[in-house]
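Subject: Structure handover

Hello,

The structure we spoke about is below, sequence included. My notes on what was found in it follow directly after.

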Amino acid sequence: MKIKQQQILLITWFCVVCVLACSSSRKLPADIAEGRINYHYISNYVDSFNDVKDYNYSIWYQDSCIVLQYVHVLYELDATMPERPAASMHTLKYVYLDLKNLSCQDYHAFDTSSVPYKNYKLKPGEILQWNFYNVDNIPTYNDKPLISVDTVFHNKRYKKFVFQLPFTEDVKRVVYMTDQYSQNLFHISLMLDRKYAPYRVIRTEDFVNGKHEATLYYEELSNKLTGFERSVFTKWKYNAQHTALPVVSFDEAQKIQ
């Protein structure tokens, strides 16, 4: 039975893009500290045999370094539909990324004993599920939202905005912004975060012709790393500085192993 592996692009047809809080010169904020977030992209209209409803993964961060859980969707392409199991999401690898120079090393396991097996650098246009270095490349919103109200969502106070997006169909984006989050590294919309600081976009919901199509949000799992997580960063930082692996292209790095 043939198994097909599918790498999901976290960009919908109306271009959802996420960015890191850094300028085009890649200057990093001084107060990043450390922590772990979980990223979610939820689609309400998916075929469960070929896709997953909640495409999610974790990102650990410490100062200017990232560890990304790189995931993919696995489904059985050739199985007949009555016997075909639902698609499932699997961790393909873990990527250690130094945001100062955009160098990456790939690991099979999140552990101090794991060794890097690929070494590469990111260039413009090359992203790892989350767009870590390009800024202000999200769709242009209207200057004024259709609705702007304060609301409570999951026990946090939010500013809620509704924007009409520039498409031939009726596409509205509901944006939730809050100042009740302790970490400030990741931004869904850097433009809106700057405009409404200290509020930041944590969640967006997209509606097409009145139907709820998709939700994008991230949740803060912790604003501190555990001792084990810090030890992984320490070891992988050392590995990045002393790796003897050849530098491969981004395309080569994306090949499944």
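Lys172 has a relative accessibility of 27%, so this residue counts as partly exposed, given that buried would require under 20% and exposed over 50%. Please keep in mind that the model is predicted; every value in this message is computed from it.

Lys172 is placed in strand β11. Its side chain takes part in a salt bridge with Asp170, where the closest N and O atoms lie 2.9 Å apart. Asp170 is partly exposed too, because its relative accessible area is 30%. The side chain of Lys172 also makes a polar contact with the side chain of Gln164, at 3.2 Å.

Leaving aside residues up to four places away in sequence, Lys172 touches Leu146, Val162, Phe163, Gln164, Glu205, Asp206 and Phe207. For Glu205 there is also a C-alpha to C-alpha distance: 8.3 Å from Lys172, with the two positions 33 residues apart in sequence numbering.

Salt bridges

How many salt bridges does a search of the whole structure find? The count is eight, and the pair Lys172 and Asp170 has been described above. Two others are worth listing.

- Lys93 and Asp106: the side chains meet in a salt bridge at 2.8 Å, N to O. The pair links distant parts of the chain, with Lys93 in strand β6 (residues 88-98) and Asp106 in strand β7 (residues 103-107), 13 residues apart. Lys93 and Asp106 are both buried.
- Asp179 and Arg157: here the closest N and O atoms are 3.4 Å apart. This pair links distant parts of the chain as well, 22 residues apart: Asp179 sits in the loop between β11 (171-178) and β12 (186-187), and Arg157 in strand β10 (residues 156-164). Asp179 is partly exposed because its relative accessibility is 31%, and Arg157 is partly exposed because its relative accessible area is 38%.

Surface patch

Leu146, one of the residues that Lys172 touches, belongs to a nonpolar patch on the surface. The patch is formed by Leu146, Ile147 and Val149, which together have about 240 Å² of accessible area. Ile147 lies in strand β9 (residues 147-153). With a relative accessibility of 41%, Ile147 counts as partly exposed; that value also clears the threshold of over 30% that residues need in order to be placed in a patch.

Cysteines

Which disulfides does the structure hold? The number is zero. As background, a disulfide is a covalent bond between the sulfur atoms of two cysteines. Cys65 counts as buried because its relative accessibility is 8%. Cys104 is likewise buried, because its relative accessibility is 0%.

Whole chain

The protein chain contains three helices and 14 strands. Of its 257 residues, 47% are buried. Taking contacts between residues at least 6 apart in sequence, 62% join residues at least 24 apart. The chain exposes about 12,700 Å², of which carbon and sulfur atoms supply 52%.

Regards

Note on methods:
Residues are numbered from 1 along each chain as its sequence is written. This is a predicted model: local features need pLDDT of at least 70, side-chain atom pairs count only at pLDDT 80 or more; totals for chains, interfaces and linings use all residues. Side-chain values use heavy atoms; hydrogens and water are left out. Patches are made of residues with over 30% relative accessible area and no salt bridge: like charges are joined within 9 Å, nonpolar side chains (Val, Leu, Ile, Met, Phe, Trp, Tyr) within 5 Å. Accessible areas come from the Shrake-Rupley method with a 1.4 Å probe; for residues, only the protein chains shown count as cover. A salt bridge is a side-chain nitrogen of Lys or Arg within 4 Å of a carboxyl oxygen of Asp or Glu. Helices (H or I, at least four residues) and strands (E, at least two) are DSSP runs, numbered from the N terminus. Buried means under 20% relative accessible area, exposed over 50%, partly exposed in between (1.4 Å probe, protein chains only). A disulfide is a pair of cysteine sulfur atoms within 2.5 Å. Contact means heavy atoms within 4.5 Å. A polar contact is a pair of N or O atoms within 3.5 Å; within protein, one must be able to donate a hydrogen and the other to accept it, and residues adjacent in sequence count only if both atoms are side-chain atoms.
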